[in-house]
Amino acid sequence: MIFERLRLVDDVIPGEGAWNMAVDEMLTRGIVEPTLRIYRWSEPTVTFGYFEPLAEVRRLRPGLPLMRRWTGGGLVDHGADLTYSLMIPAGHPLAGVDRGDSYCQIHRAIQAWLEAVEGIRSELATGGEWLGEGCFARPVQGDLLVDGRKIAGAAQRRTRRGLLHQGSVRWTLSKPFDPGKLAGAFAGQIARKPLSETEQREAARLVANRYGRPEWLEHR
């Protein structure tokens with residue numbers, strides 16, 4: 001297990017892109033314990049990395065709702081995927097290792113969960129070639145592959161408070177999704193704690209001041 005204890009935030013009410021990204025940043029800035037957040041989308045949405053040019057994203061995904069992430073990486077199509085985030089405090093050992101190591105450790109937990117609940121055997125990518133447009137067309141080291149196809153990827157950002165890991169899993173589960181089983185792949189003790197009223201207000205503030213504004217999308 002990566003963590004002894006983990007907070008599980010299971011956002012069952014689908015949210016817009018601005019809200020989903022704001023909650024992740026809010027939880028990272030106030031992180032005091034390892035936290036796994038699982039969330040849904042109110043409509044199909046494309047997120048893209050902090051440094052990606054908006055014009056290129058619009059060319060590749062015309063007509064779709066777009067949202068710039070606080071993390072890096074490329075384009076990710078959301079709506080049919082399983083989207084999760086891990087927020088890890090700076091004092092935890094995993095927040096102190098390099099990106100490749102933390103990326104692989106987290107994906108090994110995802111790998112174990114997929115095998116336990118679905119019997120799916122996957123492997124960690126050692127690298128890959130550009131196969132098309134979008135994050136899932138370009139496996140990088142530590143991504144999860146099934147028969148050479150990328151099924152899980154992520155992007156990260158480190159701050160003085162800790163590590164934010166935003167992940168997406170593209171695999172249609174044959175059984176009803178149980179958030180507790182996914183959390184159990186990361187930690188022995190799980191504490192289900194929904195967002196508090198204070199956290200919801202802070203996330204709403206970030207939507208109003210950042211993620212809901214055109215300047216954020218355009219990165220000006």
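Start by selecting serine 168: this residue is buried, with a relative accessible area of 3% (buried means under 20% relative accessible area, exposed over 50%, partly exposed in between, with a 1.4 Å probe and protein chains only). Show its side chain together with that of aspartate 81, and you'll see a polar contact between the two at 2.6 Å. A polar contact here is a pair of N or O atoms within 3.5 Å; within protein, one must be able to donate a hydrogen and the other to accept it, and residues adjacent in sequence count only if both atoms are side-chain atoms.

Before moving on, a word on the model. It is predicted, so local features need pLDDT of at least 70 and side-chain atom pairs count only at pLDDT 80 or more, while totals for chains, interfaces and linings use all residues. Residues are numbered from 1 along each chain as its sequence is written, and side-chain values use heavy atoms, with hydrogens and water left out.

Now colour by pLDDT, the predictor's confidence in each residue, from 0 to 100. The protein's mean is 94, and 94% of its residues reach 70 or more. Then pick residues 129-134, where pLDDT stays under 50. For that stretch the model has 13 contacts beyond four places in sequence, a contact being heavy atoms within 4.5 Å.

**The eight-stranded sheet**

Go back to serine 168 and switch to cartoon: the residue sits in strand S10 (residues 162-169). Helices (H or I, at least four residues) and strands (E, at least two) are DSSP runs, numbered from the N terminus. S10 belongs to an open sheet of 8 strands with mixed pairing, in the order S7-S8-S9-S10-S6-S2-S1-S11. Two strands pair if DSSP finds at least two bridges between them. At the edges are S7 (123-124) and S11 (187-192), each pairing on one side only.

Next, add S9 (residues 149-158). It pairs antiparallel with S10 over 7 bridges, and the two form a hairpin with 3 residues between them. To find a matched pair, select glutamine 156 and its bridge partner in S10, histidine 165. S9 is mostly covered, with 7 of its 10 residues buried.

On to S8 (residues 144-146), which pairs antiparallel with S9 over 3 bridges. Leucine 144 has alanine 152 in S9 as its bridge partner. In this hairpin, with 2 residues between the strands, check the backbone of aspartate 147: its phi is positive, near 55 degrees.

Further across, S1 (residues 3-15) and S2 (residues 35-41) pair in the parallel sense over 6 bridges. Aspartate 11 and tyrosine 39 in S2 are bridge partners. Now bring up helix H1, which packs on this sheet and touches S1, S2, S6 (82-89) and S10. The direction of H1 makes about 175 degrees with that of S2; axes are lines fitted to C-alpha atoms, for helices over the stretch in contact, and angles run from 0 to 180 degrees between N-to-C directions.

**The three-stranded sheet**

Which strands make up the open sheet of 3? Select S4, S3 and S5, in that order, with mixed pairing. S4 (66-68) and S5 (76-78) are the edge strands, and the twist averages 30 degrees from one strand to the next. H1 (residues 17-29) packs on this sheet too, touching S3 and S4, and its direction makes about 20 degrees with that of S4.

S3 and S5 run antiparallel and are joined by 3 bridges; threonine 47 has valine 76 in S5 as its bridge partner. Then select phenylalanine 48, in S3 (residues 45-48). Is it buried or exposed? At 0% relative accessibility, phenylalanine 48 counts as buried. Beyond four places in sequence, its contacts include Leu54, Val57, Leu66 and Leu217.

**The cores**

Finally, show nonpolar cores: sets of buried Ala, Val, Leu, Ile, Met, Phe, Trp, Tyr and Cys residues joined through side-chain atoms within 4.5 Å. The largest has 30 residues, and Phe3, Leu6, Leu36, Ile110, Trp113, Leu182 and Phe186 have the most contacts inside it. Helix H4 (residues 99-118) gives the most to this core, with 6 residues. Another core, of 19 residues, lies apart from it and includes Ala22, Leu27, Trp41 and Tyr211.

Zoom in on tryptophan 113: beyond four places in sequence, it contacts Leu82, Leu173, Phe177, Lys181, Leu182 and Ala185. Last stop, alanine 116, also found in H4: this one is exposed, with a relative accessible area of 64%. Its C-alpha is 9.1 Å from that of lysine 181, 65 residues apart along the chain.
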